[in-house]
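Please open the model in a viewer and keep the selection panel at hand. The stops below are given in the order in which they may be selected.

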Amino acid sequence: MAHRVGRASQRGRTTRAGLVATVFRQHTALLVAGVALGLAGVAASLTQPVAIGRLIEAAGRGESLGAPITWLVSLFCAGALLTSLQAYVIGRAGENIVFDVRRLLTERLLRADLTAFGKRPQGDIFTRTVTDTSLVKIALSQSLTQLITSGVTVLGGVVLMFCIDAGLMVITLGCLGAASVVSLLLARKLRKVALENRDDIGAFGTAVQRVLSALPTVKASRAESREADRIGALAGNARRSGIRGTAYGALLTPSMNVGTQGALAVVVGVGMAWVARGEMTMAALTTFIMYLFQLVSPLVMFFMAVGQFVQGRAAIQKVDELADMPQEGGGTADAGRAAPMVLAAHGRAAVEFRDVRFGYERGDQGERSPVLHGVSFHVPARGLTAVVGPSGAGKTTLFQLIERFYPASGGSILVGGRNIEALPLDALRGLVGYVQQDSAALRGTVRENLTYASPDAGEDDIRQAVEMAGLAKVVAKLPQGLDTELGDQGSGLSGGQRQRLCIARTLLQKPAVMLLDEATSHLDSDSERDFRDVLQRVSRHCAVIAIAHRISTVIDAEQIVVLEDGRVRATGRHQDLMTRDALYRRLAGSQLHADSGGRAPARVPDRNHPRDSETTLSLSLAFGGLPPATLNEQTIRLRPIRSEEQW
Ligand SMILES: Nc1ncnc2c1ncn2[C@@H]1O[C@H](COP(=O)(O)OP(=O)(O)OP(=O)(O)O)[C@@H](O)[C@H]1O
C-alpha cells in the first residue's frame, strides 16, 4: 500500500490539495478498516450496559445468571480484541502515511529548484521533514480515528440514553454542552499556539544546524558563549510557546471532566428522586449512569483528539508548504536515470555560450542582480579550456548554468550542439562532470564516495580513476583501503585528498565535458604535476573546462577565456593573451613577471644564491610549489612576497 502513490504525484507539483492530502487518500482503505474495527468495538462497549441491566433484572427476578454473565464476558472480550486490532491497523496506516510523506517530501527536496531551496533555512527544512511529519502521522491516524470512534461512541450513548429517559438526557446535555463549547474555544486557541510553536522549533533547528555545520569556525572565533546564548534564547521561545500550548491542552480535558462530573451529580440526584417516586426503575437508572460513565472517557478522548488534530494541522500546513517548493525543470524533473548520451557530431563544440545573460534572484520579490551580461564563447570537443578572471567575475556561475542549476535569463547554452533546456536533466548531468570549488565529499566509505555519480562502476574503472587522480598512494595508506569510512563532509581526509577524491569521482563518470572549479588549489606540487598530465590525457578524450587562478594550469590550455564583470573580454592562448590583454597580463603578473612576453627559456634559480633562494620561495608560493623547471619556455623574474604586502 505504501508504494501505491502514483508516479504523477511524485514528479510535478503534487496537487492543489497538497502532498499530505494526496498521500492520505492513498491510505484511506486501511484507515477505514481501522475505523470499522473501532466502531465494532464501540458497539461492543455500548452493549455492555444493556447486558449489565439484564444481569441486574435477572438477579432481581431470581433467574439463572449463566446466560447474562456469558453474554457480558463475551462483550468484554470482543471489545478488548477489537480495540487492540484497531490500534494495530491504525498504527500501521499511520506508519505507511508517514513513510510516503517522508519519501515524497525527500524526493521533492532533492529535485527542488536551487533558488527556492536557497531561500529556506536548512534547519527549518530538517525540522519540517523529521519532526512535523511525525505530527502529521499522529494527526492523520490516531487523532482522526479517535475523533471518529469517540464521536460515534458519544453519539450512540446519547441516543441510547435518550431512549432510556429523555428528561435525564436533556439535563445531561445541558451540562455537557456548556463544557463542549469551552473545549472548542480552547481547541481554537491551541491551534494558533501550535503554529507558533512549530515556527519557534523551526527557528531553533535552523540555529543549531547553522553552528553545527561550522563548528570549527565557531570555536576559532570564540563564539561558543554567544551562540549558546542565541540558541538558548530561541529554545526559550520554543519553550514558552510549548508551555502555552500545554496550558491550553491541560485545560481541554478538565473542562470536559467538570462537565461530565456535573452531569453525573445532577443525574444521580434527580434519578434517585424519580426512582423513589416510582417514576423510574433502578435498573433503568443504573443503565443510564453506566452510559454516562461510558460517555466520560470517549468525550475526554474526543477533545484530546481535537487538540492533537489541530496541532497536527499546523504540522500538515508546514509540510505542504515545503512540498510545494518549485521543482527543477519547471516541475517536470526527468524520470529515473536517463540512458547515457554521447556528444552528437564529431568536431562540434562541446559547449557553446550564445549571448548568455543571468542574474541571481535576491529576496522574495524575484528581483535579480545581473552577473553575466551577454557571454559568448565556445569550447572545442577535445582539449583544455581555462576560464580566468578576477574574483566575482562570474566564473563559477558559468558552470552553474551549464549544470542547469539555474536557468539563464537570456541567450542559450548548447552542449554537443543541443540547447541544454531541451536535454533531460539526468542526461545533461551525465554528460557533464563537475568538480566543485568546495570539494563535496559525503559521510560513507571512500568507495561509496567514488562511485556516487556512477554506482555501477567496476573495480578496474575505480582503480584507474584513483590512479588518474593521484589518489592511489593515499588509498593504500588508509586502514581499510577503499572501504575506509569517512566522516561528515569527508572528514578523515585532508582538503587536498578530498579534492582528489572528487576528481576521481568525476573521472569515473567518464563525462563528455569536465568542469573543474579551482580543482587543483589543494594539490601539492607533485600531485599537481601528475594531475596536469591527467588533464592532458583526459582532455584528449573530452572537453575540460577549468577555472584556475594558477598560471601553471593555464599555460598549457588550448584556449583561455578571460572573464571580467560578467563579460568575456578576450579568448586565446597564454602567450597570445600575455601580449594583447592587459587584464590577463595583470592577473598573470600578480604571480609572475614575464621578462619577454614569456618567450625566453626559464633560468633555473640557484637555491644557494641569496637572491635566488628568495625567488625560489616566492615561486613555489605563487605556483603552489611547482618546480620552476616545469614551466615551459618561461623566463620568469619573481618578486619576493613580503608579509606586509599580503595585508
Ligand atoms: N547563490 C548566489 N546568490 C546570489 N548571488 C550570487 C550567488 N552566487 C554567486 N553570486 C554572486 O555572483 C557573482 C559572481 O559569482 P561567482 O561565484 O560566479 O564568481 P567567481 O568569478 O567564480 O568568483 P571567485 O573567483 O571568487 O570564485 C558574485 O558577485 C557573487 O556575489
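Begin by selecting Ser 539 in this predicted model. Beyond its neighbours within four places in sequence, Ser 539 is in contact with Arg 382, Gly 383, Leu 384 and Val 544. Displaying these four residues together with Ser 539 shows the surroundings of the serine. The helix to colour here is H17, which covers residues 525-541 and contains Ser 539. Is Ser 539 buried or exposed? Its relative accessibility is 6%, and Ser 539 therefore counts as buried, since the limit for that class is under 20%.

Next, select the ligand and the residues around it. The shell holds 14 residues, of which Ser 391, Gly 392, Lys 395, Thr 396 and Thr 397 come nearest. Three side chains deserve a distance label. In Ser 391, a polar side-chain atom lies 2.6 Å from an oxygen atom of the ligand. For Lys 395, an N or O atom of the side chain is 2.8 Å from a ligand oxygen atom. Thr 396 likewise places a polar side-chain atom 2.8 Å from an oxygen atom of the ligand. A surface display may be added at this point: the ligand taken alone exposes 640 Å², and the protein buries 66% of that area.

Which elements give two or more residues to the shell around the ligand? They are strand E1, residues 351-362, and helix H11, residues 395-402. Helix H11 gives the most, with 3 residues. Colouring the shell by residue class separates 5 nonpolar, 7 polar and 2 charged residues.

Now move to the segments annotated in the record. The unreviewed UniProt entry lists residues 69-90, 144-162, 168-187 and 288-310 under "transmembrane region". Two of these can be inspected in turn. Select residues 144-162: the span is 100% helix and 0% strand, and its end C-alpha atoms lie 27 Å apart. Then select residues 168-187, where the end C-alpha atoms lie 28 Å apart and the span is again 100% helix and 0% strand.

Finally, clear the selection and view the whole protein. A cartoon display presents 21 helices and 14 strands. Of the 647 residues in the protein, 47% are buried. Among contacts with a separation of 6 or more, 76% join residues 24 or more positions apart. With the surface switched on, the accessible area comes to about 31,300 Å², and carbon and sulfur atoms account for 57% of it.

Note on methods
Residues numbered from 1 in each chain as written. Predicted model: local features only at pLDDT ≥ 70, side-chain atom pairs only at ≥ 80, totals over all residues. Heavy atoms only, no water. Helix = DSSP H or I, 4+ residues; strand = E, 2+ residues; numbered from the N terminus. Buried < 20%, exposed > 50% of the residue type's maximum accessible area, 1.4 Å probe, protein only. Contact = heavy atoms within 4.5 Å. UniProt positions renumbered as here; feature names shortened; annotations may be inferred. Near = heavy atom within 4 Å. Polar contact = N/O pair within 3.5 Å; in protein donor to acceptor, adjacent residues only side chain to side chain. Areas by Shrake-Rupley, 256 points an atom, 1.4 Å probe, with all protein chains shown as cover. Nonpolar A, V, L, I, M, F, W, Y, C, P; charged D, E, K, R; others polar.
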